[in-house]
Amino acid sequence: MKIEKETEHAIVHVNGQEQITGAEALLQCLLEEGVDTIFGYPGGAIMPVYDKLLDFTGRLNHYLTRHEQGAAHAAQAYSMVTGKPGICFATSGPGATNLVTGIANAFLDSVPVVFITAQVTSGLIGTDAFQETDIIGVSMPVTKWNCQVKKPQDIPDTIAKAFYIAKTGRPGPVLIDITKDAQLEKLCFKYKKCDYIRSYNPLIPLHIKAIESAAIMINHAEKPLILAGHGVLLSRAEKELKAFAEKTGIPVASTLMGLSAFPSDHRLFTGMLGMHGNYGPNLLTNEADLIIAIGMRFDDRVTGNLKKYAKKATIIHIEIDEAEINKNVLVDVEINNDAKEVLKYLIPLVKENSFEKWIREFRICDKTEYEKVIKEETKPEEGDIKMGEVVKLVSDLTKGEAIIVTDVGQNQMYAARYYKFSNPNSLVTSGGMGTMGFGLPAGIGAKVGRPDKPVIAFLGDGGFQMTIQELGTILQYKVPLKIIILNNNYLGMVRQWQDMFFDKRYASTELVNPDFVMIAKAFGIPGKKVVMRKELKTALDEMMAAKGPYLLDVIVEKEGNVFPMVEPGSSVSEVRLTY
């Protein structure tokens, strides 16, 4: 064997083939997969990767967040707005465990993120070495796939497999844990993208007979309703959904995560389903004779009491993950395929139709909801500023063209209810996990991913303080994110439940907040505090005109509640409009 060696950090050749370290191989793998953006936080075990990252400046852009959880949320948001897998780095031990909330968040919302963690050297595994944690065991329940790498030559194939698994079928997060010695030792680098794994079959042949049966049911329905979920966006089936709805004339309702899959101003759009969704789609779900569920999982926040859910309806379920079919709701037609492929095949089989009388029932509900809820929420004549009117003003100012990021709680529900989305993938929020603190780092990831779009983050004062340190990331990288804090000095959604179900016993929900504008100023971010309604429009205009980041602290109604509401244990048709 002929071996050529040069100085430290120099290239080594074995039998004429170039050798590189495992750390460099990892970064080369990312380039091969088209990656140009990484979010992360360094530490001892992953230091070899960060050392080599300097040599990739200009090809791989790394964003140093102020906490690993922030990196995870930013990577998820980046994926949601770009359609590419997000990439996140962290070191061993606490670095890896700090990712777990973000990993679980991506898992429950089916977002492809490739998490790369470092591990202590392979000889120390199992000895309780400094900063050693079994992140494979910890993350197993909340990853689509995870793997530990102890040899440098295994890095290329493992990374290729990780990307393939993360992107295909029902997307989701994967985690690769690489020991420090595997990062330092060398290998002859060769990369081949993965397109097949034995026993993993994400490309399921179309269930033609089931689709044809569905078409017959659709053609004979009298009160059909489409329920569009996040799967429509994940499969990039927005155009097909619109074509299908317009041809059949069937009204469309959306889950929270499905918002923006169908234009909010479309004549067939009936609004959002769920606990704080719109009156019409909730009330009339139980009047439908056919439900076509596309890329959604019948989450408890959508169905309410399952014993009373959609008892008049035949149900067609189009879902790529077989495990979700018949899990919560027993269905009549199972179509275990990708939503885009199903709709492409289904559209020629359905006849042109219209359901004007059925749609009129939704419009009557819309009028009722407007008079009892929306009018007072978006056009109040007196009193404190309301969250709904802030969101409505932003929606009008941006003409529905912005990317909206939310935290979790009342701010999330108001943003979802009152922003009118014009484009797909323009809502970034935490659905299944409901993670407070998601909004600020997610706003950073969304803006990094789509610098061409205005990105506005609606945050509550509670969630904002959970990841407030990420203002440092905005400072360092000059991320021009627009931040609106809907500030009621409460953990608003928890307080609402205490108000409604615990006799107004406000246990540990009132907040004494700092001066957010002053804090933003310390991070080089201009801002303004708005207390009076007459100041609001001017302040929003100033925020939108700012070239860089901007923080608007809007003091809103202190004890406002989000309505409509389907109370826990209630049927969706028992949706309440008032307290």
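## Exercise 1: A residue on the surface

**Task.** In this predicted model, is Leu108 buried, partly exposed or exposed, and which nonpolar patch does Leu108 help to form?

**Solution.**
- Step 1. Leu108 has a relative accessibility of 31% and therefore counts as partly exposed, since that class lies between the 20% limit for buried and the 50% limit for exposed.
- Step 2. Find Leu108 in the chain: it belongs to helix α5, which covers residues 100-108.
- Step 3. Look at the surface around it. Leu108 forms a nonpolar patch there with Phe107 and Met433, and together the three have about 220 Å² of accessible area.

## Exercise 2: Pairs of opposite charge

**Task.** How many salt bridges does a search of the whole structure find, and which parts of the chain does the pair Glu361 and Lys223 link?

**Solution.**
- Step 1. Start with the idea behind the search: when charged atoms come close, side chains of opposite charge can pair. The cut-off to apply is 4 Å between a side-chain nitrogen of Lys or Arg and a carboxyl oxygen of Asp or Glu.
- Step 2. Over the whole structure, the search gives 24 salt bridges.
- Step 3. Check the pair. The closest N and O atoms of Glu361 and Lys223 are 3.3 Å apart, and the two residues form a salt bridge.
- Step 4. Place both partners. Glu361 sits in helix α15 (residues 356-378), while Lys223 sits in the loop between α9 (208-220) and β11 (224-228); the pair links distant parts of the chain, 138 residues apart.
- Step 5. Add the accessibilities. Glu361 is partly exposed because its value is 24%, and Lys223, at 26%, is partly exposed as well.

## Exercise 3: Two more bridges and a network

**Task.** Which of the residues Asp452 and Arg450 is exposed and which is partly exposed? Then, where do Glu510 and Lys558 lie, and which residues are joined into one network?

**Solution.**
- Step 1. Asp452 and Arg450 meet through their side chains in a salt bridge of 2.8 Å, N to O.
- Step 2. With 54% relative accessibility, Asp452 is exposed. Arg450 has 25% and is therefore partly exposed.
- Step 3. Turn to Glu510 and Lys558, whose side chains make a salt bridge at 3.4 Å, N to O.
- Step 4. Glu510 is in the loop between α21 (492-501) and α22 (516-522), and Lys558 is in the segment after β22 (550-555), so this bridge ties together parts that are 48 residues apart in sequence. Lys558 is partly exposed, at 32% relative accessibility.
- Step 5. For the network, follow salt bridges that share partners: they join Arg170, Asp321, Glu324 and Lys327.

## Exercise 4: An open sheet of six strands

**Task.** In the open sheet that contains β6 and β7, what is the strand order, and which strands stand at the edges?

**Solution.**
- Step 1. Read across the sheet: the order is β5-β4-β6-β7-β9-β8, and the pairing is parallel.
- Step 2. The edges are β5 (61-64) and β8 (145-149), each of which pairs on one side only.
- Step 3. Ignoring direction, neighbouring strands here are turned by 20° against each other on average.
- Step 4. Zoom in on one pair. β6 (residues 86-90) and β7 (residues 113-119) run parallel and are joined by five bridges, with Phe89 opposite Ile116 in β7.
- Step 5. Add a helix: α3 (residues 68-82) lies across β4 (37-40), β6 and β7, at about 170° to β6.

## Exercise 5: An enclosed strand

**Task.** Why is β11 described as largely enclosed, and which residues stand opposite Leu227 in β14 and in β12?

**Solution.**
- Step 1. Count burial: five of the five residues of β11 are buried, so the rest of the structure largely encloses this strand.
- Step 2. Recall that side chains in a regular strand alternate between the two faces of the sheet.
- Step 3. In β11, Pro224, Ile226 and Ala228 point one way, and Leu225 and Leu227 point the other way.
- Step 4. Find the partners. β11 pairs in the parallel sense with β14 (residues 290-294) over five bridges, and with β12 (residues 252-254) over three bridges.
- Step 5. Leu227 is opposite Ala293 in β14, and its bridge partner in β12 is Ala253.

Note on methods. Residues numbered from 1 in each chain as written. Predicted model: local features only at pLDDT ≥ 70, side-chain atom pairs only at ≥ 80, totals over all residues. Heavy atoms only, no water. Patch = residues over 30% accessible without salt bridge, like charges linked within 9 Å, V, L, I, M, F, W, Y side chains within 5 Å. Areas by Shrake-Rupley, 256 points an atom, 1.4 Å probe, with all protein chains shown as cover. Helix = DSSP H or I, 4+ residues; strand = E, 2+ residues; numbered from the N terminus. Buried < 20%, exposed > 50% of the residue type's maximum accessible area, 1.4 Å probe, protein only. Pairing = 2+ DSSP bridges. Axes fitted to C-alpha atoms, helices over the stretch in contact; angles between N-to-C directions. Contact = heavy atoms within 4.5 Å.
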